[in-house]
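Let's walk through this model piece by piece, starting from one residue and working outwards. Keep the viewer open as you read.

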Amino acid sequence: MKTFTLSLIVSRGLATAGFLGCVFVSSYTLTAAETVSPPSVSADNTEKNVRDNDDATLTPADQAQGSQHDVDVTRQIRKALMADKTLSMNAQNIKIVTLGGKTTLRGPVKNVHERERILTMAGKVVGLKNVDNKLETTGP
């Protein structure tokens, strides 16, 4: 009986650590064949990201071409967005790219109010004349 109990404990530990291809959930064992598939609904901006394949569109990877000052500006804007808990998750996760002192903001936001809040925050950091607004509202 002790061997069986020890064997069960070891097996459960290995399974929990992911070594046996199954996961124990309460008293039910979820095998690898029963894993949860990813959602079929795409994120709000998935289709929009197709345009990133075009070299004319700035992407966050282009930030590497900028100076340390550009990186700091982007960091300050992102920090301000993340600190504003009234913004939606999409608004907090917009693309911010700063090159040569000019900041491009792109992505979906919930409404005009969010767009204006983001533009104001970015304008305080880099100046409104240096903000290229490519934000898109998904609602009124």
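Pick out Ile-94 and see what surrounds it: setting aside neighbours within four places in sequence, Ile-94 is in contact with Arg-78, Leu-81, Leu-105, Arg-106, Gly-107, Pro-108, Val-109, Ile-118 and Leu-135. Some of those names come back when you look at the largest nonpolar core, a set of 16 residues in which Leu-81, Ile-94, Leu-105 and Ile-118 have the most contacts. Two or more residues each come from helix 2 (68–83), strand 4 (102–109), helix 4 (112–126) and strand 5 (131–137). Helix 4 gives the largest share of this core, with 5 residues. As a rule of thumb, nonpolar side chains in soluble globular proteins tend to be buried together.

A word on trust before going further. This is a predicted model, and the protein chain averages a pLDDT of 76, with 55% of the residues scoring at least 70. Which elements sit at the two ends of the confidence scale? Helix 4 has the highest mean pLDDT, 96, while strand 1 (residues 22–25) has the lowest, 48. Over residues 22–26 the pLDDT stays under 50, and the model has 14 contacts for that stretch beyond four places in sequence. Where pLDDT is low, the predicted coordinates should not be read in detail, so I'd leave those contacts alone.

Now for the sheet. It's an open one of 3 strands, in the order 3-4-5, with mixed pairing. Strand 3 and strand 5 are the edge strands, each pairing on one side only. From one strand to the next, the twist averages 5 degrees.

Where does the mixed pairing come from? Strand 3 (95–99) pairs with strand 4 in the antiparallel sense, over 5 bridges. Along that pairing, Ile-96 has Leu-105 in strand 4 as its bridge partner, and Lys-95 stands opposite Arg-106. On the other side, strand 4 and strand 5 pair in the parallel sense over 7 bridges, with Val-109 bridged to Thr-137 in strand 5. To get from strand 4 to strand 5, the chain passes through helix 4, and this β-α-β crossover is right-handed. Strand 4 itself is mostly covered, with 7 of its 8 residues buried.

The turn between strand 3 and strand 4 deserves a closer look. This hairpin has 2 residues between the strands, and Gly-100 takes a positive phi near 60 degrees there. Gly-101 lies in the same loop, between strand 3 and strand 4. Which residues does Gly-101 touch, not counting those up to four places away in sequence? They are Asp-70, Val-126 and Asn-130. In the case of Asn-130, 29 residues separate it from Gly-101 in sequence, yet the two C-alpha atoms are 6.9 Å apart in space.

Last, the helices around the sheet. Helix 2 lies across strand 3 and strand 4, and runs at about 155 degrees to strand 3. Helix 4 packs on the sheet too, touching strand 4 and strand 5, and its direction makes about 165 degrees with that of strand 5. Coming back to the core, helix 2 and helix 4 are both among the elements that give it two or more residues, along with strand 4 and strand 5.

Definitions and conventions: Residues are numbered from 1 along each chain as its sequence is written. This is a predicted model: local features need pLDDT of at least 70, side-chain atom pairs count only at pLDDT 80 or more; totals for chains, interfaces and linings use all residues. Side-chain values use heavy atoms; hydrogens and water are left out. A nonpolar core is a set of buried Ala, Val, Leu, Ile, Met, Phe, Trp, Tyr and Cys residues joined through side-chain atoms within 4.5 Å. Buried means under 20% relative accessible area, exposed over 50%, partly exposed in between (1.4 Å probe, protein chains only). Helices (H or I, at least four residues) and strands (E, at least two) are DSSP runs, numbered from the N terminus. Contact means heavy atoms within 4.5 Å. Two strands pair if DSSP finds at least two bridges between them. A crossover is right-handed if, with the strands pointing away from the viewer, the path from the first strand over the helix to the second runs clockwise. pLDDT is the predictor's confidence in each residue, from 0 to 100. Axes are lines fitted to C-alpha atoms, for helices over the stretch in contact, and angles run from 0 to 180 degrees between N-to-C directions.
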